[in-house]
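Work through the exercises below with the coordinates loaded. Each has a task sentence and a solution in steps.

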Amino acid sequence: MAEPLLELAGLTKRFGEHEAVSGVDLEIAEGEFIALMGPSGCGKTTTLRMIAGLEEPTSGEVRLNGERINERKPWERDTPMVWQSLALFPYLSVRGNVEFGLKMRSMPARERRARALKWLEQVGIADYANRNIAQLSGGERQRVALARALVTEPRILLLDEPLSALDAHLRVRMQAEITELQRRLGITFVYVTHNQSEAFAMASRVVIMDAGLIQQIGAPREVYRAPANRFVAEFVGTNNIIEGRVRSADGGRIGVETAHGGVEAAVPAARTPAVGESLNLVVSADRVALNVETEAHSNAVTGTVISEEFIGSVVTLHLDIGGGAVFRVQKQAHELDTVDITPGQTFRASWRAEDTYVLPA
């Protein structure tokens, strides 16, 4: 196996009594697009800052190309960062901003001008080279920040929630442009975000963090459909979690007794739980059918509508299924065009045994 480009080994950071990052181990290959994702305060930005050299680890190592870089200053690491605030210089032109890092490296004026124009061309704003930063839109400023970070032609680029200040439409467009740019350049991106849609749309691997710890690492589809634990199941996607106890286990299929009735789940033979074992089942809201549809499945709960969450093409129904539990059903809006949905209305929600995921013990 090839040596990773970037390696975090037992990386820990304490601020007084608070441990913000707790023994993180992570290997990142050259050319990967890695997203660090988690709730506020989970340690993702602190981890990124330790990679950049802006925070000194309490213990553990940051290795680049197999070499420990803990003691290197930020400007000695060749790991530029695109900031959430962009941090552009308002008194410099677009080209002046992009040239700044090259000037600090004492590159001759003609060469740095050519290099800056090359990267402005790469991000599609070469025509704006002589404009003032104040004359640019949010998306154009984002491109300047990218060009400024990439002009030194690093092997790795760090990005700290760079799209958070943009409006929703522009954010989606910039997601596509950044992803295409990364694939074209082959540069390793380490991208911090709390936004699931950003992480899943852009990254080749997602790292889920909570309380300073890595909870799961995997491809977006793997993390979404096969969460490693209850935290990930609750944080990612729109999942229903049902607690129960195994009442039968036979041939890769188990029967589980829950507070809402019996539920069947398909499980790999190697992971078949024992009869009597307590476990958590995960049912993704987008895998559930309603009784108004032609298809119905053996696993089912009945509930009354509490609310309807409409977000354009997708609708999420929140059903009260008793005992203080809420069950969510997610549908494309057009699937419910002919369905009368009012608070208090009763629906039967059903799903397949194959769509009942058993959380690892």
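Buried means under 20% relative accessible area, exposed means over 50%, and partly exposed lies in between, with a 1.4 Å probe and protein chains only. This is a predicted model, in which local features need pLDDT of at least 70 and side-chain atom pairs count only at pLDDT 80 or more, while totals for chains, interfaces and linings use all residues. Residues are numbered from 1 along each chain as its sequence is written, and side-chain values use heavy atoms, with hydrogens and water left out.

**Exercise 1. Classify Glu 3 and Glu 234 by exposure, and place each in the chain.**

Step 1. Helices (H or I, at least four residues) and strands (E, at least two) are DSSP runs, numbered from the N terminus. Glu 3 belongs to the segment before β1 (6-15), and Glu 234 to helix α8 (residues 230-235).

Step 2. The relative accessible area of Glu 3 is 57%, so the residue is exposed. For Glu 234 the value is 49%, so that residue is partly exposed.

Step 3. Contact means heavy atoms within 4.5 Å. With neighbours within four places in sequence left aside, Glu 3 is in contact with Asn 65 and Gly 66.

Step 4. A polar contact is a pair of N or O atoms within 3.5 Å; within protein, one must be able to donate a hydrogen and the other to accept it, and residues adjacent in sequence count only if both atoms are side-chain atoms. A polar atom of the Glu 3 side chain lies 3.5 Å from the backbone nitrogen of Gly 66.

Step 5. From C-alpha to C-alpha, Glu 3 and Leu 64 are 10.0 Å apart in space and 61 residues apart in sequence.

**Exercise 2. Find what surrounds the charged side chain of Arg 77.**

Step 1. Arg 77 sits in the loop between β5 (67-68) and β6 (81-82).

Step 2. Lys and Arg count as positive and Asp and Glu as negative; His and the chain ends are not counted. A salt bridge is a side-chain nitrogen of Lys or Arg within 4 Å of a carboxyl oxygen of Asp or Glu. Arg 77 is buried but has no salt bridge, and Glu 76, the nearest side chain of opposite charge, is 7.0 Å away.

Step 3. The Arg 77 side chain does reach the backbone oxygen of Ile 51, at 2.9 Å.

Step 4. Beyond four places in sequence, the contacts of Arg 77 include Met 50, Ile 51, Ala 52 and Gly 53. Met 50, Ile 51 and Ala 52 are among the buried residues of α1. Gly 53, just after α1, takes a positive phi of about 90°.

**Exercise 3. Trace the open six-stranded sheet and the helix packed on it.**

Step 1. Two strands pair if DSSP finds at least two bridges between them. The strand order is β6-β7-β8-β3-β9-β10, with mixed pairing.

Step 2. β6 and β10 (213-218) are at the edges with a single partner strand each, so one side of each has no neighbour in the sheet.

Step 3. Helix α1 (residues 44-52) packs on the sheet and touches β3 (33-37), β6, β7, β8 and β9 (205-210). Axes are lines fitted to C-alpha atoms, for helices over the stretch in contact, and angles run from 0 to 180 degrees between N-to-C directions. The directions of α1 and β7 make about 145°.

Step 4. Seven of the nine residues of α1 are buried.

Step 5. β7 (residues 156-160) and β8 (residues 188-193) run parallel and are joined by five bridges. In this pair Leu 157 stands opposite Phe 189.

**Exercise 4. Follow the antiparallel pairings from β13 to β20.**

Step 1. β13 (residues 261-266) is joined to β12 by six bridges, with Ala 265 opposite Ile 254. Two residues link these strands in a hairpin.

Step 2. β12 (residues 253-258) pairs with β11 (residues 239-250) over six bridges. This hairpin also has two residues between its strands, and Gly 251 in the turn has a positive phi of about 60°.

Step 3. β11 pairs with β14 over seven bridges. Arg 245 stands opposite Glu 257 in β12 and opposite Ser 278 in β14.

Step 4. β14 pairs with β20 (residues 357-358) over two bridges, where Val 282 stands opposite Tyr 357.

Step 5. Five of the seven residues of β14 (residues 278-284) are buried, so the strand is largely enclosed by the rest of the structure.
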